[in-house]
Amino acid sequence: MIVITNRIPVAIGQESAFEERFAARAGKVEGAPGFVRNEIVRPVPMRRDPERGWVEAKLDPAVYEVRTYWQSFEDFAAWAASPAFREAHKEPPPKEMFAGPHALSIGEIFISSEA
């Protein structure tokens, strides 16, 4: 199984609009062959302080992770080349929603623990 992770730096003050946008897009990828699941991970404003332990931290910017899990890379590549993918991405968000470019990574799950 592979996971595609898109790390997206969201501009301060745009977090709610970003989350609403993704909530409205729910269901766009679920029917794709080989699709397993989708997760959108909201950053938690905490950091580890050597003297005080976990403390609240300012996130500037808030970097969200959008993860999709696939049976194979070929399944993901087929989705990314499909008309359904183009339809799901046809209305780009406003540029001011972001604090910089996104970073896409592809990984293979070799150890997994289900809760």
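Visitor: What makes Arg37 count as lying over the face of Tyr69?

Guide: A charge is said to sit over a ring if NZ of Lys or CZ of Arg is within 6 Å of the ring centre and within 35 degrees of the ring normal. Arg37 lies at 3.8 Å from the ring centre of Tyr69, over its face, which is within the 6 Å allowed.

Visitor: What should I keep in mind about the model behind such values?

Guide: The model is predicted, so local features need pLDDT of at least 70 and side-chain atom pairs count only at pLDDT 80 or more, while totals for chains, interfaces and linings use all residues. Residues are numbered from 1 along each chain as its sequence is written, and side-chain values use heavy atoms, with hydrogens and water left out.

Visitor: Why is the pair of Trp79 and Phe85 given the name it has?

Guide: A pair of aromatic rings is described by the distance of the centres and the angle of the planes. Rings of Phe, Tyr and Trp (its six-membered ring) pair if their centres lie within 6.5 Å, and planes under 30 degrees apart count as stacked, over 60 as edge-to-face and the rest as tilted. The centres of Trp79 and Phe85 are 5.6 Å apart and their planes stand at 85°, so the pair is edge-to-face. By this rule the protein has eight aromatic pairs, and ring pairs link Phe35, Trp70, Phe73, Phe76, Trp79 and Phe85 into a cluster.

Visitor: How do you know whether Trp79 and Phe85 are buried or exposed?

Guide: The relative accessible area decides, with buried meaning under 20%, exposed over 50% and partly exposed in between (1.4 Å probe, protein chains only). Trp79 has 9% relative accessibility and therefore counts as buried, whereas Phe85, at 24%, counts as partly exposed. By that rule, 28% of the 115 residues of the protein count as buried.

Visitor: What makes a stretch of chain a helix or a strand, and how many of each are there?

Guide: Helices (H or I, at least four residues) and strands (E, at least two) are DSSP runs, numbered from the N terminus. The protein has three helices and six strands, in the order β-α-β-β-β-β-α-α-β from the N terminus on.

Visitor: Why is E1 described as largely enclosed?

Guide: Eight of the nine residues of E1 are buried, so the rest of the structure largely encloses this strand. The conclusion for E5 is alike in kind, because seven of its nine residues are buried.

Visitor: How do you know that E1 and E5 are paired?

Guide: Two strands pair if DSSP finds at least two bridges between them, and nine bridges join E1 to E5, the two running antiparallel. Within this pairing Val3 stands opposite Tyr69, and Val63 is the bridge partner of Pro9. E1 is also joined to strand E6 (residues 103-108) by six bridges, again antiparallel, with Thr5 opposite Ser105. Six bridges join E2 to E5, also antiparallel, and Glu39 stands opposite Arg67 there.

Visitor: What makes a space a pocket, and how much space lies in the largest pocket?

Guide: On a 1 Å grid over the protein atoms alone, a cavity is a set of points where a 1.4 Å probe fits but cannot get out, whereas a pocket is an open set with protein on both sides within 12 Å along at least five of seven lines. Grid points are joined across faces, edges and corners, and a volume is the space filled by probe spheres set on the points. By this reckoning about 930 Å³ lies in the largest pocket. Lining residues have an atom within 4 Å of a point, and of the 35 that line the largest pocket, those closest to its centre are Asn6, Phe22, Arg25, Val66 and His89. Helix H1 (15-25) is among the elements that give two or more residues to this lining, and H1 gives the most, with five.

Visitor: How does the lining of the largest pocket divide into nonpolar, polar and charged residues?

Guide: Ala, Val, Leu, Ile, Met, Phe, Trp, Tyr, Cys and Pro count as nonpolar, Asp, Glu, Lys and Arg as charged, and the others, Gly among them, as polar. The lining then divides into 20 nonpolar, seven polar and eight charged residues.

Visitor: Why does Lys58 count as it does, buried or exposed?

Guide: Lys58 has 70% relative accessibility, and therefore counts as exposed; its place is the loop between strand E4 (53-56) and E5. Ala11, in the loop between E1 and H1, has a relative accessible area of 14% and so is buried.
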